[in-house]
Amino acid sequence: MTYLGLTLLFTVPPLCLIWLREEFFAVLKKEAKRIFVATALLTVYGSVTWPIAMRWGAWEYDEAKLTGVRLFSFIRFEDIVWWALVGFLFTSFIVLSRHYEKLGVDIVQRELRALGRSFKDAFQGLKTVTKERNITIHATVMIAVVIAGAFSSLSLIEWAIIAIGIGLALSAEFINFALERHIDALVGCHDENARKAKDAAAAGVFVADSIALILAALVFVPRIVPFIAFLRQFE
Amino acid sequence: MHYPYLTFLAIFFAIPAAILCYIYRKEFHTYRRTLFWCFVAVYTLGIFWDWLSVHIHIWDYHTAPTLGVWVSGLPVEEFIGFNVLSVVVIFGVVNGVLKHIKK
């Protein structure tokens, strides 16, 4: 990983978290000019002072991790990008947080609480669905597959395939469950369109289960065939 | 030069931080929650980023004399000095721009 790569990795995702939210974007758009000015000031200041630190020997870069591009032959391209992105990120956050703080809202706390509530609802949902017949069947098969996998010396890739199959089948069943309950709550069982919607959802579960079965077969059949051949020796 | 990093921080970050803190002391007080969350971000994501950069050899602090106190593989000048002072400078600059530049 290079200096530039790590800078992008640590700044772009948080920037997306801030700028892609419609609610936040509406606030930041109004301050776009000032955000740009602050970012530009910080970029210039940081980019010009850091080469001084380097010249004094405060720290050193590994040249292999750099592009080698310099502005005016002493300002590194990566340092400019670092200050631009970090400056932009902090400026955006400060502008946003100040806006909400003026309204008496701690935006970080609000978002963390909402995230916590989402997780709480998801765990409550898990508790609800695990009591259903189809889910218990899926969970039983999942446990059997995991036990078989544990005693079959699966590679990392094979475990990943198994995980994808299990995730696919369980997710489809959870969504089917939610859809069925929602339709029943809205229109009951006797509506033709409602019946078709439920059938389509059930078909989705069937497809997901079939794919999961194929994935499991791809992993386990090559192991079962030699085992059956071994057993036949004793016939 | 003795302690080049400390000298650099003193001249280019401590002095501007002190000036900005004084000029915009009202904003530093009014929006202290925002300032708090900036420090939280620096001392979680920022420290991890810095540690990782040293760990995979993007940059190195062993090239020059430091104060000799190391925290999580980072010199105290970086762990406390740069992280605190840079946040104060950035916060001061942003508040200054928001106060003096029209929308």
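**Exercise 1.** In this predicted model, decide whether A:T7 counts as buried or exposed.

*Solution.* Start with the relative accessibility of A:T7, which is 1%. Buried means under 20%, so A:T7 counts as buried.

**Exercise 2.** Now describe the surroundings of A:T7.

*Solution.* First, place the residue: A:T7 belongs to helix α1 (residues 3–19) of chain A. Next, look for a polar partner: the A:T7 side chain reaches the backbone oxygen of A:Y3 at 2.8 Å. Finally, list the contacts, leaving aside residues up to four places away in sequence: A:T7 touches A:V81, A:W82 and A:L85, as well as B:W49.

**Exercise 3.** Work out how the rings of A:W56 and B:F12 are arranged.

*Solution.* Begin with the overall picture: over all chains, the structure holds 29 aromatic pairs. For A:W56 and B:F12, the ring centres are 6.1 Å apart and the planes meet at 45°. Planes under 30 degrees apart count as stacked and over 60 as edge-to-face, with the rest tilted, so this pair is tilted. The pair crosses between chains: A:W56 sits in helix α3 (residues 32–56) of chain A, and B:F12 in helix α1 (residues 4–23) of chain B. Last, check accessibility: A:W56 has 27% and counts as partly exposed, while B:F12 has 17% and counts as buried.

**Exercise 4.** Which ring face does A:R21 lie over, and which one does B:R25 lie over?

*Solution.* Take chain A to begin: A:R21 lies over the face of A:F24, 4.5 Å from the ring centre. Then turn to chain B: B:R25 lies over the face of B:Y22, at 4.4 Å from the ring centre.

Notes
Residues are numbered from 1 along each chain as its sequence is written. Chains are lettered from A and ligands numbered from 1 in the order in which they are written. This is a predicted model: local features need pLDDT of at least 70, side-chain atom pairs count only at pLDDT 80 or more; totals for chains, interfaces and linings use all residues. Side-chain values use heavy atoms; hydrogens and water are left out. Rings of Phe, Tyr and Trp (its six-membered ring) pair if their centres lie within 6.5 Å; planes under 30 degrees apart count as stacked, over 60 as edge-to-face and the rest as tilted. Helices (H or I, at least four residues) and strands (E, at least two) are DSSP runs, numbered from the N terminus. Buried means under 20% relative accessible area, exposed over 50%, partly exposed in between (1.4 Å probe, protein chains only). A charge sits over a ring if NZ of Lys or CZ of Arg is within 6 Å of the ring centre and within 35 degrees of the ring normal. A polar contact is a pair of N or O atoms within 3.5 Å; within protein, one must be able to donate a hydrogen and the other to accept it, and residues adjacent in sequence count only if both atoms are side-chain atoms. Contact means heavy atoms within 4.5 Å.
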